[in-house]
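Q: Could we go through this assembly together, beginning with the surfaces that face the DNA and then turning to the contacts between chains?
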Number of protein chains: 4
Amino acid sequence: MRSAERTQRALLAAAETEFAEKGLAGARVDLIAGRSGTNKRMLYYYFGSKEKLYLAVLEQAYTAMRKAERELNLTRLDPLEAIKTLVEFKFNYFLKNSTIIPLLAGENMLGAKYLKRSQRLGEMHLSLIKVLHEILSVGEKNGVLKPGIDPLHLYMSISALSYFYFSNSSTLSTVFGRDLASPAERKLRQAHAVEVILDSVRLR
Amino acid sequence: MRSAERTQRALLAAAETEFAEKGLAGARVDLIAGRSGTNKRMLYYYFGSKEKLYLAVLEQAYTAMRKAERELNLTRLDPLEAIKTLVEFKFNYFLKNSTIIPLLAGENMLGAKYLKRSQRLGEMHLSLIKVLHEILSVGEKNGVLKPGIDPLHLYMSISALSYFYFSNSSTLSTVFGRDLASPAERKLRQAHAVEVILDSVRLR
Amino acid sequence: MRSAERTQRALLAAAETEFAEKGLAGARVDLIAGRSGTNKRMLYYYFGSKEKLYLAVLEQAYTAMRKAERELNLTRLDPLEAIKTLVEFKFNYFLKNSTIIPLLAGENMLGAKYLKRSQRLGEMHLSLIKVLHEILSVGEKNGVLKPGIDPLHLYMSISALSYFYFSNSSTLSTVFGRDLASPAERKLRQAHAVEVILDSVRLR
Amino acid sequence: MRSAERTQRALLAAAETEFAEKGLAGARVDLIAGRSGTNKRMLYYYFGSKEKLYLAVLEQAYTAMRKAERELNLTRLDPLEAIKTLVEFKFNYFLKNSTIIPLLAGENMLGAKYLKRSQRLGEMHLSLIKVLHEILSVGEKNGVLKPGIDPLHLYMSISALSYFYFSNSSTLSTVFGRDLASPAERKLRQAHAVEVILDSVRLR
DNA sequence: AATGAATGAGTTTTCATTCAT
DNA sequence: GATGAATGAAAACTCATTCAT
């Protein structure tokens, strides 16, 4: 069957895996084409170049993650619950979407060179900050959260605690000689992340 | 004559920069040789291959970081002070040694493939955990720290809060439209990290 | 319906431009199809291949030029006038039909490989030589033209003086730092060509 | 033996042939490398890209031709003799250096795009014009040459008469069914060119 | 030790042409 | 007739590594 969309989707999926595993420089267009079930020519037909394909993968990954975050509908929950939900979500999202971390890591190594070229990424992020801001305001008013928390810094801390565990799991397991990726360690880590964040926002 | 050592040092330094900027796959042997002021033949003479040079860079970076950590002599401080010192140290170390994060990020993208080949990295890390364990024991006994804190998880959280800020600064600044690398933001971030960690270990 | 013919014409016109600009090897089938307003499938439907399309363009260009030459009806003029008319015609034809020179140049670079495949080009040229021969005979008899002029060599000289000016205008203008394509230079050149040819045929 | 200069020379020579035969677009770097006796990597090592190699070939061809022209030392001859010598030289140069015409033809089809990038071509040409100017002045003063001849236009006519014969020999031979490249025709052509030019400059 | 030259294998990209609808 | 999608073969270009001096 001939379907432009299906072909593009297959290429994007194959590219996502390849770029996540090897980064932009290490990825091979031959392998992407091979894995996609189509061929190299199609890759260039639809995406123009390896770099443009990479950017498409990046945009897709970001969009999907923000979409999932938006769908949490955090404002419907009470503040502490909302924050806990977000921490757990972050952790689970990284767990289930194992390409996002290497993609982000790779793009950061490049100084966000490609992401900067992308339009339409700003607003989806600002809305996230607004949501957090609202949660923090309510919690502050209700006397359950510390006053003056910066929503972006909170978001960074939440991300950091889960991100680092996944992003650096290989080297950490290696140097500490302890398999940090096991299910038991994973549970421990998620609980730890929730606790650290809640401790840091709760008014005592 | 020391010229042998000088040559090796120059190559290592050039390689560190190049690998940090582009990762293993993106780094160019020609550029490393060029930047080093020596030449390609020397690179192969002393290091054998691009991959072996990469591993040498990695080992050097790890060794330097652990050495600096050891020299903190944390056990001489009281527990809360020791933990605060470690958080601040981590932050400052990443700030001053800007190649370490991309190097770690790159190696993790490769599943720690090269680090696993390295000998002599295990013990220096275990001693770090021992130090933390001692601090936590004392603090627990003194009633200033929560009981049952896992030293490795604490270490991960401490690292995470600083690491993520530096590692993902490019993409975060891009998507949130806010320059997170400015000195003001940096100070804010460090204070935030200290606060989050201390809140999470202190017995209330 | 005429749409078939219109399609072919559009393709030929687009191809003429493209082949004139880039030569056979440099021309792009996609661009020809794009410029033509039709599509690639039509190109292959009507012309079979890029090379056959190229030959079609070439034949058309030659046919049109010879047709225009024939329509000069040179034999109705007196010899010197006829020759002057031909010189001016050549110059103006190259000026107005700017694709003919690059097409000829490209085909000559290929050793006339494609033109040789073409039928039906011989006779139209021989008739041109016959016309020149007649003009030269009359002029010789009347005592206004030198005896023994070879019509083909005369034709070559006439062509040469105009052709070279147009064909090499770019490089000449570049190396001599003088814009030879300006209207003033053009007039000068045409007058010069007429003078050189007439000087060379006139009996003194 | 290893010799940078020899390798470059071999590549340039092979490239000259290939570009002359097929033009920039039609030339194949694999063939150039093969013909050169070295390899593709060397081509990129020394010249950077196909286009830069092409420009190097072009510059070399131009330089060689102008050098040969300079070495004629035309000013030592009397005016008519000098002009005759130049006409014959042009003819013979094109005959013996059969790559120059296709190279010029190809570059002109590209609108002199590459030549324009080249430095150091201006002055060598202006000196040629000065020489012609001097010859014309002397001839005019001595009463053997027409007054007011433009040296550049004279140079163009001289070039044209020989250039066109060689550049368009393939198509002309094809359409007129007469082998214009034979030695007999060649002699005829050279004599014709000399005659036409001298007729056009001589004061009657 | 030091250095520029050399190379084979691989990598990205392009192109004319054909197929499915 | 008309059109976008698809493809294999070939093209330009790159890279880590080795050689000759």
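A: Let me begin with a definition: helices (H or I, at least four residues) and strands (E, at least two) are DSSP runs, numbered from the N terminus. This is a predicted model, in which local features need pLDDT of at least 70 and side-chain atom pairs count only at pLDDT 80 or more, while totals for chains, interfaces and linings use all residues. Residues are numbered from 1 along each chain as its sequence is written, and chains are lettered from A and ligands numbered from 1 in the order in which they are written.

Q: Which element gives the largest share of the surface near DNA strand F?
A: That is H3(A), with four residues. A residue is near a strand if its C-beta atom, placed from the backbone, lies within 6 Å of it.

Q: And which residues come nearest to strand F?
A: There are 38 residues around DNA strand F, and the nearest are Ala4(A), Arg41(A), Ala4(C), Arg41(C) and Lys50(D). Among the elements giving two or more residues to this surface are helix H1 (4–26) of chain A and helix H2 (29–36) of chain B.

Q: How does that surface divide by class?
A: Near DNA strand F there are twelve nonpolar, ten polar and 16 charged residues. Here Ala, Val, Leu, Ile, Met, Phe, Trp, Tyr, Cys and Pro count as nonpolar, Asp, Glu, Lys and Arg as charged, and the others, Gly among them, as polar.

Q: Now strand E: which residues come nearest there?
A: Of the 38 residues around DNA strand E, the nearest are Lys50(A), Arg41(B), Lys50(C), Ala4(D) and Arg41(D). H3(D) gives the most to this surface, with four residues. By class, the surface near DNA strand E has twelve nonpolar, ten polar and 16 charged residues.

Q: Turning to the protein contacts, how many residues do chain A and chain B bring to theirs?
A: Chain A brings 47 residues and chain B brings 47 residues. Two residues are in contact if their C-beta atoms, placed from the backbone, lie within 7 Å. On the side of chain A that touches chain B, H8(A) has the largest share, eleven residues. That side comprises 21 nonpolar, 18 polar and eight charged residues.

Q: What turn lays chain A on chain B?
A: A turn of 180° with a shift of 0.0 Å along the axis does so, with an RMSD of 0.2 Å. The same surface serves both copies, as 100% of the contact residues of chain A recur in chain B. Copies are superposed by least squares on the C-alpha atoms of residues with pLDDT of at least 70 in both.

Q: And how many residues of chain C are in contact with chain D?
A: 47 residues of chain C are in contact with 47 residues of chain D. H8(C) gives the most to the chain C side, with eleven residues. Chain C can be laid on chain D by a turn of 180° and a shift of 0.0 Å along the axis, with an RMSD of 0.2 Å. That is the relation of a two-fold axis.

Q: Why do the copies C and D meet through the same surface?
A: Because 100% of the interface residues of chain C are also interface residues in chain D.

Q: How far apart are the closest C-alpha atoms of chain B and chain D?
A: They lie 12 Å apart, and no contact joins chain B and chain D. Chain B and chain C also have no contact, with their closest C-alpha atoms 33 Å apart.
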